[in-house]
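Could you walk me through this model in the viewer, one selection at a time? I would like to know what to click on next and what is there.

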Amino acid sequence: MKRTLYIHIGHAKCGSSTIQRFLSENRLQLLKFNFLYPQTFSSTFHSEISPVFWKNARLDDRSEGYLNTIMDEIDKSPAENVVISSETFHADDPRIFLHFKEKFNVKILYFIRPYDE
């Protein structure tokens, strides 16, 4: 049976940092409920797997290496559900998420809100 991967695509000013901070600070508690929020990069979000992150930073794209590292962490975890999150994902070509399709049931969580709020 495939695991479920939740990809949180946080658009700017939609509470993404708060969600990421909560997930990061509650990793151990989430594991008790069968959810992994990977900590491979010791940060609260997973932008390093985004090619746009590297482009915006004006650095060579290292997203594939970071993706391999995060996949190793996921493979070692018994959790049936995985959550990854980044504001940068909204600017990535959606095809970068296709390689997850083979291994996971993928659910996209995209938060938006009217800017007049």
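Start by selecting Asn34, in the loop between α2 (27-32) and β2 (35-36). Keep in mind as you go that this is a predicted model. Check the backbone here: Asn34 has a positive phi of about 75°, although it is not a glycine. Most residues other than glycine have a negative phi. With a relative accessibility of 24%, Asn34 counts as partly exposed.

Next, move to Arg58, which you will find in the loop between α3 (51-56) and α4. Its phi is also a positive value in a residue other than glycine, near 60°. Is Arg58 buried or exposed? Turn on the surface and you can see the answer: Arg58 is exposed, its relative accessible area being 78%.

Now for the charged pairs. How many salt bridges does the structure hold? There are 2, so show side chains and visit each in turn, beginning with Lys103 and Asp75, where the pair ties together parts that are 28 residues apart in sequence. Draw a distance between the closest N and O atoms of Lys103 and Asp75, and you should read 2.4 Å. To place the partners, Lys103 sits in the loop between α5 (98-101) and β4 (104-111), while Asp75 belongs to helix α4 (residues 63-76). Lys103 is partly exposed, at a relative accessible area of 38%, and Asp75 is partly exposed as well, at 41%.

For the other stop, select Arg95 and Asp93, whose side chains meet in a salt bridge with an N to O distance of 2.4 Å. Colour this pair by accessibility: Arg95 counts as exposed at 60%, whereas Asp93, at 33%, counts as partly exposed.

Finish at helix α1, residues 16-25. Which residues of α1 are buried? Select Ser16, Gln20, Leu23 and Ser24 and give them one colour. Then turn the view until you look down the axis of α1: these buried residues fall within an arc of 100°, so they line one face of the helix. Give a second colour to Thr18 and Glu25, which are exposed on the other side of α1. To see what covers the buried residues of α1, bring up the neighbours, including β1 (3-10), α2 and β3 (81-86). One of these, α2, takes you back towards the opening stop, as the loop holding Asn34 lies between α2 and β2.

Key:
Residues are numbered from 1 along each chain as its sequence is written. This is a predicted model: local features need pLDDT of at least 70, side-chain atom pairs count only at pLDDT 80 or more; totals for chains, interfaces and linings use all residues. Side-chain values use heavy atoms; hydrogens and water are left out. A salt bridge is a side-chain nitrogen of Lys or Arg within 4 Å of a carboxyl oxygen of Asp or Glu. Helices (H or I, at least four residues) and strands (E, at least two) are DSSP runs, numbered from the N terminus. Buried means under 20% relative accessible area, exposed over 50%, partly exposed in between (1.4 Å probe, protein chains only). The arc is that of the directions from the helix axis to the C-beta atoms. Contact means heavy atoms within 4.5 Å.
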